[in-house]
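Student: I have a model open and would like to go through its architecture step by step. Can we start with what the terms mean?

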Amino acid sequence: MNQNITKLEVNDKEIYLIGTAHVSHTSRQEVKECIDEIHPDSICIELDDERYAAFNNPKRWEDTDIINVIKEKKTGYMLANLILSSYQRRIAKKMDVQAGQEMIQGIESAKEIGAELVLVDRNIQTTFKRIYRKHSFIQKFKLISSLIMSIFDDEDISSEDIESLKQSEVLDVALKEVSKEFPVVADVLIHERDQVLAYKIKNAPGKKIVAVLGAAHIPGIKEEIYKDYDIKELESIPEKKSSSKIIGWIVPILIIVMIISMFSVNTELGLDQIKNWILWNGSLSAIGVLLAWGHPLAIVTAFIAAPITSLNPLLAAGWFAGLVEAFVKKPKVKDFENILDDVNSVKGFYKNRVTHILLVVVFANLFSTFGTLIGGFDVVKNFIQSFM
C-alpha cells in the first residue's frame with residue numbers, strides 16, 4: 001500500500017486515511033487509485049458545507065455583498081479566508097496544478113462507485129472564531145501581521161518540497177514550530193480539528209471508509225480516533241468570558257465618570273480632556289483609514305465615529321468608515337472576479353475595491369484601539385493629578 005495511506009481498524013470498521021497535499025500533482029491520482037482498489041462504503045473529505053459549496057461554485061466571490069459582510073461583522077473572517085485561499089492558490093499556480101484536486105477526485109469517485117460522501121471538517125467560520133476568541137489583543141495583532149506578510153512571501157516551493165510535506169517526520173517538525181509561535185492556532189486549527197475529523201470519520205456509515213485529508217492531520221487522527229469527544233463543544237463558538245463583557249462596559253463607564261468628575265474641579269480641564277479624547281481616538285482612527293488609502297469621506301467618518309464607538313463595546317469605527325468607503329467606491333464585478341489574484345501583491349490589495357474596503361475597516365478599528373489606549377491613559381493620568 002502507498003506510504004501516504006494509513007489503514008486503521010476502529011469499531012469493526014476498516015478506515016483508510018489518505019494523506020495529501022492540497023497542491024500536489026500526485027495526490028489526486030493516489031486518491032483515485034486507493035478508492036478504486038478498496039471500493040469503500042463511505043468517502044470522507046476534509047471539507048465543510050461552506051467549502052463544499054465553494055467547490056461547486058468557483059465564482060462565489062462574485063456573489064458577495066460587501067456591505068452585508070461589514071454589517072454582519074465578518075470582515076475579519078473574509079480577510080483571513082481570502083489570505084489563506086490566495087496563498088494556497090499562489091503555490092498551486094507555481095506548481096501548475098489546481099488546488100484541491102484530491103478533494104474533487106474524492107467527490108467524483110463517490111459518485112462513480114455510489115459511495116456515501118461525508119463532509120467531515122468543522123465549519124471554517126467556527127474555527128476562525130474559536131481562534132479569535134482565545135487570543136489576547138497583542139496575540140491577535142501578531143497573528144494578523146503574520147498572515148498579511150505571508151501573502152507577499154515570494155519564496156519558491158518545489159514539487160519535491162510539497163511531496164516531502166506529506167511525510168510524518170517533516171510534518172512533526174513543522175507543527176512543532178507552529179505550536180511554538182502560535183500555540184492557540186495550532187491547538188484550534190490542527191489539534192481540535194484532528195478530534196472533529198476523527199470523530200466524524202469513525203462515525204461515517206459503512207464498514208469500509210476512505211478519508212481524504214491534508215497530511216498534517218494524519219498523525220493526530222491516528223491518535224485521536226480511538227478516543228471519545230464532545231462533538232457539540234468542539235463545533236461551538238465559545239462565549240465571551242463574563243469578565244471580558246463586564247470589563248468591556250466598565251472601562252468606558254469609568255472613563256466617562258472620570259471626565260465628568262474633572263468638570264467638578266475645573267470646567268476648562270474637563271473640556272480639555274474631552275478634546276484630548278476626541279483627538280487621540282479620532283485622529284488615530286483617521287490615520288488608519290489614510291494608511292489604507294481610504295476616501296476622504298471615510299477618513300472623516302472614522303474621525304467622528306471613533307471617539308463615540310470607543311465608549312461602546314457593541315460598535316466599531318471601522319464599520320462606519322467601511323460602509324462609507326463601500327458606498328463611495330462600490331466594488332465592480334471585475335473586483336470580485338480578480339480578488340484572489342489581486343491579494344497576491346500590495347498594489348493589488350489596495351487596487352481591488354473589495355480588499356481595499358476590508359483594509360479600511362481593519363485599519364480604522366486597529367488604530368482606533370490604539371487611540372483608546374493612549375486616550376484612556378491620558379484621562380487616568382489627569383484624573384489622578386486632579387484628585388490625588
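Tutor: A residue is called buried when its relative accessible area is under 20%. Keep in mind that this is a predicted model.

Student: What percentage of the residues in the protein is buried?

Tutor: The protein has 388 residues. With the cut-off of under 20% relative accessible area, the buried share of them is 45%.

Student: How many helices and how many strands does the protein have?

Tutor: Both kinds of element are present. The count is 20 helices and five strands.

Student: In what order do the five strands lie in the sheet?

Tutor: The sheet is open and its pairing is mixed. From one strand to the next, the twist averages 20°. The order is β1-β2-β5-β3-β4.

Student: Which strands stand at the edges, and why is one side of each left without a neighbour?

Tutor: Strands of a sheet pair through backbone hydrogen bonds, either parallel or antiparallel. An edge strand here has a single partner strand, so one of its sides has no neighbour in the sheet. The edge strands are β1 (5-10) and β4 (116-119).

Student: Which residue of β5 is the bridge partner of Ile18?

Tutor: Strand β2 covers residues 13-20 and strand β5 covers residues 208-214. The two pair in the parallel sense over seven bridges. In β5, the partner of Ile18 is Val212.

Student: What angle does the direction of helix α1 make with that of β2?

Tutor: Helix α1 (residues 27-38) packs on the sheet and touches β1, β2, β3 (42-45) and β5. Its direction and that of β2 make an angle of about 165°.

Student: How are α15 and α16 oriented to each other, and why?

Tutor: The axes of helix α15 (residues 296-309) and helix α16 (residues 317-328) come within 8 Å and cross at roughly 160°. Angles over 145 degrees count as roughly antiparallel. The two helices, α15 and α16, are therefore roughly antiparallel.

Student: How many nonpolar residues are in the contact of α15 with α16?

Tutor: The α15 side includes Leu297, Ala298 and Ala302, and the α16 side includes Phe320, Val324 and Glu325. By class, the contact has two polar and one charged residues, and its nonpolar residues number ten.

Student: Which residues of α6 make the contact with α10?

Tutor: Helix α6 (residues 124-133) and helix α10 (residues 183-202) pack at an angle of about 145°, with their axes 9 Å apart. The crossing of α6 and α10 is right-handed. On the α10 side, the contact includes Val188, Leu189 and Glu192. The α6 residues are Thr127, Arg130 and Ile131.

Methods:
Residues numbered from 1 in each chain as written. Predicted model: local features only at pLDDT ≥ 70, side-chain atom pairs only at ≥ 80, totals over all residues. Heavy atoms only, no water. Axes fitted to C-alpha atoms, helices over the stretch in contact; angles between N-to-C directions. Helix = DSSP H or I, 4+ residues; strand = E, 2+ residues; numbered from the N terminus. Left-handed = near helix turned anticlockwise from the far one by under 90°. Contact = heavy atoms within 4.5 Å. Pairing = 2+ DSSP bridges. Parallel < 35°, antiparallel > 145°, perpendicular 65-115°, else oblique. Nonpolar A, V, L, I, M, F, W, Y, C, P; charged D, E, K, R; others polar. Buried < 20%, exposed > 50% of the residue type's maximum accessible area, 1.4 Å probe, protein only.
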